[in-house]
Amino acid sequence: MEAAHESQSAVTEQYTVKLNASVALKLASIGQQSPQGITTGPIYGFDGVEPNIISVTHTIAFPSSAQFGSSNNDDFFNLRTSNQKFQQEYLSKLKASNYTANLLGWFVISSGGKFISQSLADSLYQLQETFRSNKSEIPSLLVVYDPLKSVDGFLNLKCYKLSDAFLKTIQSDGKFIAKNLIENKLSYKNIIEPLALTIKSNHLTNLKIQEFNLDDASNELDNLSIGPSTYEYIKLTTDQLSDSVHQLNHNLGNLNYFQRNLSREIAKITKWEQKVKQDNEDKLKANPKAKLANTDWRKEFKLMPPSSKFDYLVASGSVNNICNNLQVTENIEYVKAVGINKSI
């Protein structure tokens, strides 16, 4: 119990993630190649040099996701053997080159806010448990880059960790049962938590940035215009929202089926218990020493296992995240529309 308490309290420390600018540029380059797909890969780095600072120094995309892209990050966060082998081989090469690096987590390049999945949460949790077994208190990291939101000159780069509420719930008896969700205040809104993210530049990165043509100043009306990338982003986000709502409805359908089946089984159990009780009473009247039938319904009926509430958490979290991204984009475009109207 004490060890579990230490494991849960350790993650409450506030960490800042320091991302090398070369990593940010690499993510931007990968995102440019597949702006509408989902690309994933491991991130490497170290901690302990500065208090509560985690440095991300290297990253590489999984070969399958980098080559083909995907519309579902579950394809690459299912702990498949090829990905585990690939990220371990890359780590070995870093250490052979005298780099101080460890696996810190993964990145996801995805547009529209669709990146939360069950396999992603499971992977982050398993990695964090590996940290704990190695006496490390840092959280496993998830770096998310949105290439379509970065088209207009903004670097849409965020870093997350599993929330304390999620960790307490998954470490509880029964995991994602209603009682644990309520006690730990876990909902679809707080499966993950953001971490402070800073970008550390170096001279080589500065030279690369100087190659970009940043002198073409646009006029005020151009800055207010709604570009094709915005329409593309809204269309993609809307499509993802439709898919996520469909998945949520599917999960709710499973829940409704379970509840209907449970109601029928409870009615059968109640009827059976009444019959057995009546039979036992009749036996006692006929013979006070008669052997009575067992009244334990568990030996006669087997209930369906309840559908996982983890499914609903993740599906609801995905819908919520996509809606939030869509709302932010719409607010920005509304401000642009007002600016255009005033400039005409």
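**A colleague's note on the barrel and its cavity**

1. First, overall confidence: this is a predicted model, and the chain averages a pLDDT of 78, with 76% of the residues scoring at least 70. Confidence peaks in strand 5, at 94, and is lowest in helix 1 (residues 2–10), where the mean is 42.

2. Two stretches call for some care. Residues 1–11 stay under a pLDDT of 50, and the model gives them 12 contacts beyond four places in sequence. Residues 66–71 also stay under 50, again with 12 such contacts. Where pLDDT is low, the predicted coordinates should not be read in detail.

3. Now to the fold. Its 7 strands form a closed barrel in the order 1-3-2-4-5-6-7, and the pairing is mixed. On average, neighbouring strands of this sheet are turned by 35 degrees against each other, direction ignored.

4. For a closer look, try strand 4 (residues 102–109) and strand 5 (residues 141–145), which pair in the parallel sense over 5 bridges. Here V108 stands opposite V144 of strand 5. Helix 5 (residues 118–133) lies across strand 4, strand 5 and strand 6 (157–162), and runs at about 165 degrees to strand 4.

5. Where is empty space left inside? The structure holds 1 cavity of 30 Å³ or more, and the largest cavity has about 30 Å³ of space. The residues lining the largest cavity are F115, I116, S117, L120, A121, L142, L162, I191 and I192. By class, that lining has 8 nonpolar residues, 1 polar residue and no charged ones.

Note on methods: Residues numbered from 1 in each chain as written. Predicted model: local features only at pLDDT ≥ 70, side-chain atom pairs only at ≥ 80, totals over all residues. Heavy atoms only, no water. Pairing = 2+ DSSP bridges. Helix = DSSP H or I, 4+ residues; strand = E, 2+ residues; numbered from the N terminus. Axes fitted to C-alpha atoms, helices over the stretch in contact; angles between N-to-C directions. Contact = heavy atoms within 4.5 Å. 1 Å grid on protein atoms, 1.4 Å probe; cavity = no way out; pocket = protein on both sides within 12 Å on 5 of 7 lines; lining within 4 Å. Points joined across faces, edges and corners; volume = space filled by probe spheres on them. Nonpolar A, V, L, I, M, F, W, Y, C, P; charged D, E, K, R; others polar. pLDDT = per-residue confidence, 0-100.
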